[in-house]
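The exercises below are to be worked with the sequence and the model side by side. Each task is followed by a solution that proceeds step by step.

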Amino acid sequence: MTPEQCAQMLDAHPDYRVLRRLPHRDVFETNAAGVALAKGIILDTETTGLSSETDRVIELGMLLFEFDPTTGVVHRLLHSFDQLEDPGMPIPSASTQVHHITDAMVQGQRIDDDAVSALLQGVSVVIAHNAAFDRPFVEQRWPAFEALHWACSLRDIDWQAEGFGSAKLEYLLYTQGLFYEAHRAESDCRALLELLSRVLPNSQKTALLAMLETLNQPQIRVYALNSPFETKDHLKLRGYRWDGEMRCWHRTLSGPQALSEETVWLKKRIYGDRAATIETESLGGTVRYSHRSGSRQRVSL
């Protein structure tokens, strides 16, 4: 009996679930007649640490792929890219324990800037699983990423509403019966592309389409300026996060209607119907998940 026959037999038994190794496939959908396909980039980085200001990219992985922007169907993987770079500093052991990249592996290496720029030509969207981490790192190293629209497969898909208990990439692949060697850039990219090609159980959309739909929804970040200290628990439960630089709580909303509802809630629950001022920041696809600011304005409640 072959290993696959054994796996199929176990799959058929209610007491077992089988994990198969992630396939490295280049073709996902062959029927593209009459379909205007778009190009996207799946991106992942490995770094010396967590701060884009003091740490450096040591590995960049990218997959250039074609997709149907109307249905979110992934068609073909066009090109894979994975290169290492010497950060000019020792890689902390805590980081090496995660990605297993050593000083010896990166010594004398440099990522090809021209190759990176060539891959970005004609791309509609850059996708990362936790874009808020990857985007600042790559923009610091390659400013061309600033002009592109970004999406985040971690935050732009409501995994909980789709019935998943976690949004971690490894877990999501496990639910699809797949495993892979995580925490290296290209393998993480291939895992994410496979995941985005799958149909979500509740919405019955491809994961890619569910994520792309957020690109057409204007995002607005609201800052609860001078909110009373005793309201912090209400803000945290509402999904607000603390901004240490501005010293206030903020939350990102999906558009003008959500902002209108939020201002009513803030005025009543946080400011006790007293006169107050909040700040809003418009976040388009070329700004969100970066460290750059969008258009800001003060709003009186």
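**Exercise 1.** Determine which backbone atom lies 3.5 Å from a polar atom of the side chain of Thr-206, and describe the surroundings of Thr-206 in this predicted model.

Solution.
- The atom sought is the backbone oxygen of Thr-71, which lies 3.5 Å from a polar atom of the Thr-206 side chain.
- Thr-206 itself is placed in the loop between α7 (185-197) and α8 (207-212).
- Its relative accessibility is 9%, and because buried means under 20%, Thr-206 counts as buried.
- Leaving aside residues up to four places away in sequence, Thr-206 touches Thr-71, Gly-72 and Val-73 on one stretch of the chain, and its other contacts include Leu-196, Ser-197 and Leu-200.
- Gly-72, one of the residues touched by Thr-206, takes a positive phi near 75° in the hairpin of β3 and β4, where six residues stand between the strands.

**Exercise 2.** Follow the strands of that hairpin outward, and establish how β3 is paired and how many of its residues are buried.

Solution.
- On one side, β3 is joined by nine bridges to strand β4 (residues 74-84), and the two run antiparallel; within this pairing Leu-63 stands opposite Ser-80.
- β3 also pairs with β2, again in the antiparallel sense, over ten bridges, and here Glu-46 stands opposite Glu-59.
- Eleven of the eleven residues of β3 are buried, and the strand is therefore largely enclosed by the rest of the structure.

**Exercise 3.** Identify the buried residues of helix α5 (residues 131-141) and the elements against which they pack.

Solution.
- Eight of the eleven residues of α5 are buried, so that the helix is mostly covered.
- The buried set consists of Ala-131, Asp-134, Arg-135, Pro-136, Phe-137, Val-138, Glu-139 and Arg-141.
- These residues pack against the strands β2 (38-47), β3 (57-67), β5 (125-128) and β6 (150-152), and also against helix α4 (113-120).

**Exercise 4.** Is Tyr-223 buried or exposed, and which side chain makes a polar contact with its own?

Solution.
- Tyr-223 is found in strand β8, which spans residues 219-224.
- Its relative accessible area is 2%, and Tyr-223 is therefore buried.
- The side chain of Tyr-223 makes a polar contact with that of Arg-296, at 3.3 Å.
- Tyr-223 and Glu-279 are 56 residues apart in sequence, yet their C-alpha atoms are 5.0 Å apart in space.
- Among the other residues that Tyr-223 touches are Asp-243, Met-246, Cys-248, Trp-249 and His-250, together with Ile-278 and Glu-281.

**Exercise 5.** Locate the nonpolar surface patch that contains Tyr-174, and classify the accessibility of Tyr-174.

Solution.
- The patch is formed by Leu-19, Tyr-171 and Tyr-174, which together have about 270 Å² of accessible area.
- Tyr-174 lies in helix α6 (residues 169-175).
- Its relative accessibility is 37%, and because this falls between the limits of 20% and 50%, Tyr-174 counts as partly exposed.

**Exercise 6.** Place these local findings within the whole protein by stating its secondary structure elements and its share of buried residues.

Solution.
- The protein has ten helices and twelve strands, and its C-alpha atoms fill a box of roughly 75 × 50 × 45 Å along the principal axes.
- Of its 301 residues, 46% are buried.
- The accessible surface comes to about 15,700 Å², and 49% of it belongs to carbon and sulfur atoms.
- Among contacts between residues at least 6 apart in sequence, 65% join residues at least 24 apart.

Definitions and conventions:
Residues numbered from 1 in each chain as written. Predicted model: local features only at pLDDT ≥ 70, side-chain atom pairs only at ≥ 80, totals over all residues. Heavy atoms only, no water. Patch = residues over 30% accessible without salt bridge, like charges linked within 9 Å, V, L, I, M, F, W, Y side chains within 5 Å. Areas by Shrake-Rupley, 256 points an atom, 1.4 Å probe, with all protein chains shown as cover. Salt bridge = Lys/Arg side-chain N within 4 Å of Asp/Glu carboxyl O. Helix = DSSP H or I, 4+ residues; strand = E, 2+ residues; numbered from the N terminus. Buried < 20%, exposed > 50% of the residue type's maximum accessible area, 1.4 Å probe, protein only. Contact = heavy atoms within 4.5 Å. Pairing = 2+ DSSP bridges. Polar contact = N/O pair within 3.5 Å; in protein donor to acceptor, adjacent residues only side chain to side chain.
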